[in-house]
Every structure is written in C-alpha cells, then in structure tokens.
Amino acid sequence: MKPASNFCVAVIGAGPAGLFAAKELAEQGVHVFLLNRDVKPGGLAEYGIYPDKHKLKDGLRKQFNSIIEMPEVEYFGNFEIGEHGDMRLNELRDMGFDAVLVAVGAQGTKWLGLEGESLEGVYHAKDIVYYYNQLPPFSMRDYAIGKNVAIIGVGNVMMDIARYLISEKHVESVTAIARRGPAEIKFTKKELEYVIQNLDFDDFHQEINRFTPLMESIGQDPQKIISFFDSAMIKAEETNSDTKFKIRFLLSTKSIQGDEDGRVNGMVVEENTLVVANGDTKARGTGKLSVLPCDTVIFAIGDKVDPSFGLPVNYTEYFKNMKPKYACDGVSYESFDPSLNENVEGVFLAGWAREASSGLVGTARRDGVTAVKCMMKYLEEKPNNSPKDIDKIRKKFLENKDTIVTELDLKTLQLEEMRIAAERGLPSYKFSTNAEMISVIKHKVAS
Ligand SMILES: Cc1cc2nc3c(=O)[nH]c(=O)nc-3n(C[C@H](O)[C@H](O)[C@H](O)COP(=O)(O)OP(=O)(O)OC[C@H]3O[C@@H](n4cnc5c(N)ncnc54)[C@H](O)[C@@H]3O)c2cc1C
C-alpha cells in the first residue's frame, strides 16, 4: 500500500472492471468515488452470471464487499451518469476529479436491423438475462416466452439462456442458430454440460453429416466436434424437462415474420456456405431461403455501449485513442473525441465499456487494473496535484439524490436479504425492485 496521495478519481460503474480498478487505485493511495447505476455492486457478475452459480457469485460478492469497505473507496449506488441519468458526464467532470474511469459495461443492445425485430416475442439476450437475474427494472417487465424459441448466436450467453428456457420455462423446443459451422461454435464444454441432456442427438448428428463434406473440404474434422459433445455427457447435469434442444448450423437470419396480432411466428433464414479467407473461416450466403417456425426470437449476438452516456461512440464501443499517450501492453484505455481529434481529457475506459462483450470476470478484472496503470502514468504527469475537497464532492453527491445508496446502506440491505434467505431456507434471496431495496434501507436507518 502506497501512502495517501492527493489524487481523487471518479470510477463510473461497479462491475468487476470498476471494482478491481477502484481497489488498484486505493492501493496507490488514491481517493475513489465509485458511482454505480444499480443499487448493488457487481454488474454482470451479480446480474449476468447464471443465478444458481452460488459459489462463484458468493465468492465474488465477498471480494466486492471488501473493496467497498476500503477506506479510500466511497460507494454511491442507484446513481446513474449520462444524458438520462442523475448527473451528466460533463457535470461530473467539472467536480474537480483528477481523472475519471468509465467502467459502465456495454449497456446498449445490438440488433441486426432486420424486418420484424420489433414484433412481440423478439428480445435481446441481455433483457432476458437481466430479467431472470432480477435486475430492476428488467425484473418487473413481462417477457412473454412461447413454446418454440429460436436463439440467434452460439456463445456462452446463448447457452445460459437455453438453460433458463429448458430448466425454468420448460419450453417445447430451443433452437440455436449458428451463422457458421460446427467447428466455429463459441460456447465452452462447461456450459454445454448444463443442457446436453436435452440435446436432440439425432438432429445433431444429421446436421454434422450434412456438413461433413463441406467441413472436410476446408480441412475441418467433424469427428472432433462429435467428441467435444460426447465429452460433455460425462459430467452432464440432470435435466428436469422434455425440452428439445437443437443447433442449426450455417444459417443467417434475414427477417422475422409475424401473425396478424404482431406476434412472431417464424424466421426467414438463408443457408450459408463456408469460405476460408486470411486464415479465418467466413460464412457466405447461398441465396437459398427457408422459414424456421418459432414463436419467440432471442438475439444473443453480443452487446454495444450506451450511446447516451456522453462519450463519442465507435460502432459497439466508446472511441479510443488508437495512438495512446499512456498505453499499457500496447492497448489504449484513453477515451477519444474524433471531432476534436484529441483525448477526452482525463477520461479512461475499462472492461466491457472499453471492449464490449469481451471475456469473463477475470478479463474485466485485469482490464480494470491495467486501465489504472495507464491512468497513474497520466496522473503522475499532472503539474498541479493539490489536495481535493473530498467533503464537498461527497456532499454534492448526497445532496443530488436522497435515494443514493452508500456502503452502510448496502450492508443493511445485504443483512436483510440474508435474513430472508435463512428464514425461507433459500441459498440466497434478492429483492427485485429498487422500491423494495430503498424501503428496506430507509426503514432500517429510521428504526
Ligand atoms: C449472460 C452472461 C453470463 C456470464 N457468465 C459468466 C460466468 O459464468 N463467469 C464469468 O467469469 N463471467 C461471466 N460473464 C461475463 C462477466 O459478467 C463480464 O466479463 C463482466 O461482468 C464485465 O465487467 P464490466 O465491469 O466491464 O461490466 P459490467 O459487469 O456490465 O458492469 C457495469 C457496471 O456499470 C454500471 N453502470 C452502467 N451504466 C452506468 C451509468 N450510466 N452510470 C453509472 N453506472 C453505470 C452498472 O450498474 C454495472 O454495475 C457473463 C456475462 C453474461 C452477459
């Protein structure tokens, strides 16, 4: 631990990237204001990771709590920065911080811009994931799920959603749609183990047989894929439903069809073939169209950042300076304004806000820590490092919103959730509205 410095930094977002960045800053003696949209810290570690991964979630919660308890870290939850938030980014930047770290994750939704995307029964993966993980306000919305669900994408998020549809919703069928072939799937064996008992193996082998000549023509080994799926059977989770899980390879969604009530009833897909270009396998449309019947469509194709946050956006991410002044390992963590052709002064990026939908908690953690290393280089170059009026900054936040959530409030909330879990014999309990959480906090504080 370094001696206290005069630096004071705002970290926006208390997901893994922001939390581990706050820890790193605190260890450098920097005073940190950690601002978080959600009442609770954790981001997708709390509201993305599958609900029954209790051991993983509890372990992370303990680490997050110990960061928030650090004397240099002040937590303010239920406080959103952005055009539609509690404070605009520029207003925050004017409060006198030495630097700002943006670790807000990728809160925007990525669509393909297809006809039919606004039909009833079409959702983005994040909405569903936030819903079943009880993140307000998603937890309070009604995401009607039909019987035959198509999920676009073949990564771990698709697998989590398939697992939810199979084990919680007991739908008739879940069909994952892959743009490329069996060798390009992105999910891990661990995630496959949760759903493999529901895999329609006859259908799977038919798909592999259908594409064997194509795969072999580009040097891929179909047997490797079959072995991967077979190996997931060894530690397969028990299933509690008859849902048929299928994976359809080499299909691109062209549009979504609806009935006269505006509800999804099918998806128009184009068959693809595979081409190898620059060592990468790419899908190319064949022009052959067909309709895949389904009543719900879920896009699991990754996320993009929120364009209303207040930073310039470059497709799915915030703009970065591609010739960074304070690079670490050659990576840029610096927010950049292309209209001025200069850095957004003192603003750094970390985690999924820097690179949307990239990696697991460990990756976000490393990214937060590395972002701080770059930021420290910037801070050490600052000419005037006079002490900041911490009390004034704290007061401004507290006066801005009377339902802002502090470290003490979080403790109150956690104790109440633990009490309810113990009373009901549950592994954990979560309030699913902000109103309930705030009411518990206020009530306990008052009593
Ligand atoms: C469905 C799913 C399942 C996953 N499962 C696993 C798993 O099993 N294991 C694993 O290791 N990883 C898993 N991950 C990946 C992991 O959750 C991410 O790598 C990690 O959470 C990214 O961290 P982050 O801090 O960059 O962003 P996030 O976790 O998204 O955190 C962003 C934080 O910023 C806050 N915020 C957002 N906007 C604002 C704003 N405008 N103002 C203030 N605060 C704001 C949010 O409240 C949130 O707390 C999963 C991800 C998903 C989507």
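**Exercise 1.** Determine in which sense E7 and E8 pair, and over how many bridges.

*Solution.* Step 1: E7 and E8 pair in the parallel sense over five bridges; strands are DSSP runs of E with at least two residues, helices are runs of H or I with at least four, and both are numbered from the N terminus. Two strands count as paired if DSSP finds at least two bridges between them. Step 2: within this pairing, Val149 stands opposite Val174 in E8. Step 3: four of the five residues of E7 are buried, so E7 is largely enclosed by the rest of the structure. Here a residue is buried if 20 or more other C-beta atoms lie within 10 Å of its own, exposed if 12 or fewer, and partly exposed in between, with C-beta atoms placed from the backbone.

The model is predicted: local features need pLDDT of at least 70, side-chain atom pairs count only at pLDDT 80 or more, and totals for chains, interfaces and linings use all residues. Residues are numbered from 1 along each chain as its sequence is written.

**Exercise 2.** Establish how helix H6 is covered and which elements its buried residues pack against.

*Solution.* Step 1: H6 (residues 156-167) has twelve residues and reaches 16 Å from its first C-alpha to its last, close to the expected 16 Å; the expected span is 1.5 Å times one less than the number of residues. Step 2: ten of the twelve residues are buried, among them Met158, Asp160, Arg163 and Tyr164. Step 3: the buried residues pack against helix H5 (125-132), strand E7 (148-152), E8, H7, strand E9 (244-248) and strand E13 (296-299); contact requires C-beta atoms, placed from the backbone, within 7 Å of each other.

**Exercise 3.** Locate the ligand relative to the domains and describe the shell around it.

*Solution.* Step 1: the protein is divided into domain 1 (8-107 + 304-405) and domain 2 (111-301), with bounds from an automatic or database domain assignment. The C-alpha centres of these domains lie 33 Å apart. The contact takes five residues from domain 1 and seven residues from domain 2. Step 2: both domains give residues to the shell around the ligand, so the ligand lies between them. Step 3: 36 residues surround the ligand, the closest being Gly13, Gly15, Gly43, Gly105 and Gly351; a residue is near the ligand if its C-beta atom, placed from the backbone, lies within 6 Å of it. Step 4: by class, the shell has 18 nonpolar, 13 polar and five charged residues. Ala, Val, Leu, Ile, Met, Phe, Trp, Tyr, Cys and Pro count as nonpolar, Asp, Glu, Lys and Arg as charged, and the others, Gly among them, as polar. Step 5: H1 (16-27), H2 (44-47), H6 and H10 (361-380) each supply at least two residues of the shell.

**Exercise 4.** Compile the surroundings of Arg180, Leu250 and Ser252.

*Solution.* Step 1: Arg180 is found in the loop between E8 (173-177) and H7 (189-193), and counts as partly exposed because it has 18 C-beta neighbours inside 10 Å. Step 2: not counting residues up to four places away in sequence, Arg180 touches Leu250, Leu274, Thr281 and Ala283. Step 3: Leu250, in the loop between E9 and E10, is buried, with 25 other C-beta atoms within 10 Å. Leu250 has a positive phi of about 55 degrees although it is not a glycine. Step 4: Ser252, in strand E10 (residues 251-258), is buried, with 21 other C-beta atoms within 10 Å. Step 5: beyond four places in sequence, the residues that Ser252 touches include Arg179 and Ala283. Ser252 and Ala283 are 31 residues apart in sequence and 8.7 Å apart in space, C-alpha to C-alpha.

Technical notes:
Two residues are in contact if their C-beta atoms, placed from the backbone, lie within 7 Å.
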